[in-house]
Amino acid sequence: MLSRASLNARRYFGGKSSWGRPLASEVLTAHLRQRKLPHWTSFCVPYKSVVNDQFGKSHFNWTVDNVNYHVLRTGCFPYIKYHCSRRPWEDLEKENAFYTCLKIINFGVPTLVYGVGSWMLASVEEEVETSKGKVKIYFLNQEDPGAVN
């Protein structure tokens, strides 16, 4: 039997155990493939829909089908926010450390405000197919599929 706190947590965080949710990295990869490897994309995925396997990564390279992306990622409750740009591979360790340091110095307040703002303004949604089923992702504006900038 589950405790009251456990039931409330399951209700709040979507009711799925981590076994029923895909990894955030799988959603990222699936979205890029679904969009046919765009030049750029920017989207939010709800924390409750994924297992956050990229915790601590703020700026990193992500390669999908031999195409490299620079990914800016931040946790902005209730979402994980991604901004991906098609770029050649670079060493991003210093930038990653810098962005992570900024988040710590600011106690995460700007990311929380960003998350609440995204929650209020997200007007476009799309479903991404993963090995664990479909996951809804959200956009702050409609993206032009062939846009370079």
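In this predicted model, strand β5, spanning residues 124-130, shows two distinct faces. Val124, Glu126, Val128 and Thr130 make up the covered face, while Glu125, Glu127 and Glu129 lie on the uncovered one. The neighbouring element in this part of the description is strand β6, residues 133-139, which pairs with β5 in the antiparallel sense through seven bridges. Together, β5 and β6 form a hairpin, with two residues between the strands. One of the pairings can be picked out by residue: glutamate 126, a member of the covered face of β5, has isoleucine 137 of β6 as its bridge partner.

Turning to the cysteines, a search of the whole structure returns zero disulfides. Cysteine 44 is a helpful case to look at: the nearest cysteine sulfur belongs to cysteine 76 and is 5.3 Å away. A disulfide is assigned when two cysteine sulfur atoms are within 2.5 Å, so cysteine 44 is in no disulfide. As for solvent exposure, cysteine 44 has a relative accessibility of 1% and therefore counts as buried. Cysteine 84 likewise counts as buried, because its relative accessibility is 0%; the cut-off for this class is under 20%.

Helix α3 offers a simple check on geometry. This helix covers residues 93-105, 13 residues in total, and the distance from its first C-alpha to its last is 18 Å. That span is close to the expected 18 Å at 1.5 Å a residue. After α3 comes phenylalanine 107, whose phi is positive, near 55 degrees.

Terms used: Residues are numbered from 1 along each chain as its sequence is written. This is a predicted model: local features need pLDDT of at least 70, side-chain atom pairs count only at pLDDT 80 or more; totals for chains, interfaces and linings use all residues. Side-chain values use heavy atoms; hydrogens and water are left out. Buried means under 20% relative accessible area, exposed over 50%, partly exposed in between (1.4 Å probe, protein chains only). Helices (H or I, at least four residues) and strands (E, at least two) are DSSP runs, numbered from the N terminus. Two strands pair if DSSP finds at least two bridges between them. The expected span of a helix is 1.5 Å times one less than its number of residues.
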